[in-house]
Amino acid sequence: MPAELPPLIASLLDPARYPDPAERVELVETHASWLLLAGDYAYKVKKPLTLPFLDYGTLDKRRACCEAELQLNRRFAADLYLGVVPITGQADDPRIGGSGPAIEFAVRMRRFVEAGRADRLCARRQLRREQVSQLAQTIADFHEQARQAPIGSPWGDPGQVLAPVSENFDELRDLLAEPDEQRRLARLDEWTNAESGRLQAVFAERKATGRIRECHGDLHLGNIVLVDGRFMLFDCIEFNEALRWIDVASEIAFTYVDLLDHDQPGFACWLLNEWLASSGDYPAARVLRFYAVYRALVRAKVAAIRSTQRADDAAIARQYLALAERLVAPPSPQLIITHGVAGCGKSRASRRLLLTDQAAATIRLRSDVERKRLFGLSAASGSGSPINGGIYAPEASELTYRRLRGLAAELLDAKWSVIVDAAFLERSRRDDFRALASETGVAFRIVAPQATRAQLRARVQGRLARRRDASEATLAVLERQLAHVERLSADERSCLIDPSRPPDVPRGE
């Protein structure tokens, strides 16, 4: 908190100024707002700022932005956002919701436990995988329901995509003036412009396929909170349409980057994978690094602005520069397939690889999920198919593996490592994917977990009883697989990796 506050904000630290009981008032300051926490409620007052990316310069503009904030945030946090209230009186004697002309406006919200914010959970190392999965599903569901940008609108056009990115670099060059910082920014700017040129057709395709939506726009971990055991989004961007009408890939990239910044690469990788599995938006992988670098540099800019407001050290901004530099230089991709019958632990092993990926640069494709997607079913839906029939008929399996290969090729081309979580019981299918690795010039690995027959049967029965998995394998399916599996050859065994070890280290090396 700065040593001196504006008279209005200083006066609002008095609990007597509020209509509801409050023993004390706490102040939280951001680069654009003051948040006053009073009893069971919070009041957000916008700073009278005019910046390149926002305009709170007049009272009318601040009121309009308060009303927009209320409406937009009620899309996903209706229980938190209660209304817009006037602040009346004088700056040294104000009243929240009093009579007379308004001297300021505030968004009134229901207060939540700050310890439940996702960034706080990360800092305490209390974030859990299941929570990350729920968050990914919440984001995917919100994106599915969010309004789609009309084809005739500017949102999502290639030039419009680059505009805020270029503007961000201009602002950073003014904020980070050290010679080394300028050189690093120049290299990142060069990479960004090269990527933008390469992705022009992809940006256009993203818009044409409905991936530009009215999003949250500022979905870092500090704007996600655990309420009644579930993550809720809040505090979206209301002041700039261009920052809100964006590619859904740009949205998820921000949360992904923030998990990386909080030293949670495994959860960053898991969030991305759960969001992709839920949305099916695997083409997002082509633009995700572009947007992730942009998001890291937005955080660098915000940190730099705060350092000038509070006379803090600019080290945080430089940390975000370093994160952006890591994102533009991912590790060499590789293709990993699983092998084994139902219940052997393939999904568990591939999940471990994702959660231990320090670069958060791996995408998993699950045959059980993609098979159902091909036939218009959700992952949790039952197909009612008989053994070797319905969506498990030979021709359906051929379609499934063909889809997995096509998706894997696209992801590898976009420089992501890929895990294909499927049975791969037949040597011919494994050879096909090994050929794909050779064609794309990436390393080929196999994960083949082992289990006893008793363990296999127990796991299959347990999974069926829980009814929470995409797999529909029964004991009859297991027995059929055991009778038809083609075991790994000696040359295939040389490609084996242990999922408890780094995936680039083959077993025995």
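Which residues of helix 2 are buried? Hi everyone, let's start there. Please keep in mind that this is a predicted model. In helix 2, the buried ones are Arg62, Cys65, Cys66, Glu69, Leu70, Leu72, Asn73, Phe76 and Ala77. Look at how those numbers are spaced, and then recall a general point. An α-helix has 3.6 residues a turn, so residues three or four places apart point the same way.

We can also check the length of this helix. Helix 2 covers residues 59-77, which makes 19 residues, and at 1.5 Å a residue they should span 27 Å. The C-alpha atoms at its two ends are 26 Å apart, so the expectation and the model agree.

Let's try that again on another helix. Helix 15 runs over residues 394-413, and its 20 residues should span 28 Å at 1.5 Å each. Its end C-alpha atoms lie 29 Å apart, which agrees as well. The buried residues here are Ala396, Ser397, Thr400, Tyr401, Leu404, Arg405, Leu407, Ala408, Leu411 and Leu412.

What happens just after helix 15? There, lysine 415 takes a positive phi of about 70 degrees. Lysine 415 sits in the loop that joins helix 15 to strand 15, residues 417-421. Aspartate 235 also has a positive phi, near 60 degrees, and it is a residue other than glycine. You will find aspartate 235 in the loop between strand 11 (230-233) and helix 8 (241-244).

Now for a pair of helices. Helix 5 is residues 158-175 and helix 6 is residues 179-198; their axes come within 11 Å and cross at roughly 170 degrees. An angle over 145 degrees counts as roughly antiparallel, and therefore helix 5 and helix 6 are roughly antiparallel to each other. Which residues meet? From helix 5 we have Leu162, Val165, Phe169, Leu172 and Arg173. From helix 6 come Gln182, Leu185, Leu188, Asp189, Thr192, Asn193 and Ser196. The residues of this contact divide into six nonpolar, four polar and two charged.

Next, the inside of the protein. The largest nonpolar core has 139 residues, and the members that touch the most others are Tyr256, Trp275, Leu335 and Val420. Helix 11, residues 285-310, gives the most to this core, with 15 residues. Let's zoom in on leucine 335. Beyond its neighbours within four places in sequence, leucine 335 is in contact with Ala408, Leu412, Val418, Val420, Phe433, Leu436, Ala437, Val442, Ala443, Phe444 and Arg445. Two of those names, Ala408 and Leu412, should ring a bell: they are among the buried residues of helix 15. Apart from the big core lies another one of 18 residues, including Leu5, Tyr18, Ala22 and Ala38.

Let's walk along helix 9, residues 248-261, where we find leucine 260. Why does leucine 260 count as buried? The cut-off for buried is under 20% relative accessible area, and leucine 260 has 13%, so it counts as buried. Leaving out residues up to four places away in sequence, it touches Pro265, Ala268, Leu323, Leu327 and Ala360. Leucine 259 is in helix 9 too, and it is buried with a relative accessible area of 2%. With the close sequence neighbours again set aside, leucine 259 touches Cys122, Leu127, Leu221, Gln264, Pro265, Phe267, Ala268 and Leu271. So that you get a feel for distances in the model, leucine 259 and alanine 10 are 249 residues apart in sequence and 34 Å apart in space, C-alpha to C-alpha.Two more residues before I stop, both of them in strands. Arginine 366 lies in strand 14, residues 362-366. Is arginine 366 buried or exposed? At 15% relative accessibility, arginine 366 counts as buried. Beyond its neighbours within four places in sequence, arginine 366 is in contact with Ser347, Leu404, Asp421 and Asp469.

The other residue is alanine 42, in strand 3, residues 41-46. Alanine 42 is buried, with a relative accessible area of 5%. Not counting residues up to four places away in sequence, alanine 42 touches Leu35, Leu36, Leu37, Val107, Arg108, Met109 and Arg111. Alanine 42 is also 17 residues from valine 25 in sequence, and their C-alpha atoms are 9.4 Å apart in space. Thanks for listening!

Technical notes: Residues are numbered from 1 along each chain as its sequence is written. This is a predicted model: local features need pLDDT of at least 70, side-chain atom pairs count only at pLDDT 80 or more; totals for chains, interfaces and linings use all residues. Side-chain values use heavy atoms; hydrogens and water are left out. Helices (H or I, at least four residues) and strands (E, at least two) are DSSP runs, numbered from the N terminus. The expected span of a helix is 1.5 Å times one less than its number of residues. Buried means under 20% relative accessible area, exposed over 50%, partly exposed in between (1.4 Å probe, protein chains only). Axes are lines fitted to C-alpha atoms, for helices over the stretch in contact, and angles run from 0 to 180 degrees between N-to-C directions. Angles under 35 degrees count as roughly parallel, over 145 as roughly antiparallel, 65 to 115 as roughly perpendicular and the rest as oblique. Contact means heavy atoms within 4.5 Å. Ala, Val, Leu, Ile, Met, Phe, Trp, Tyr, Cys and Pro count as nonpolar, Asp, Glu, Lys and Arg as charged, and the others, Gly among them, as polar. A nonpolar core is a set of buried Ala, Val, Leu, Ile, Met, Phe, Trp, Tyr and Cys residues joined through side-chain atoms within 4.5 Å.
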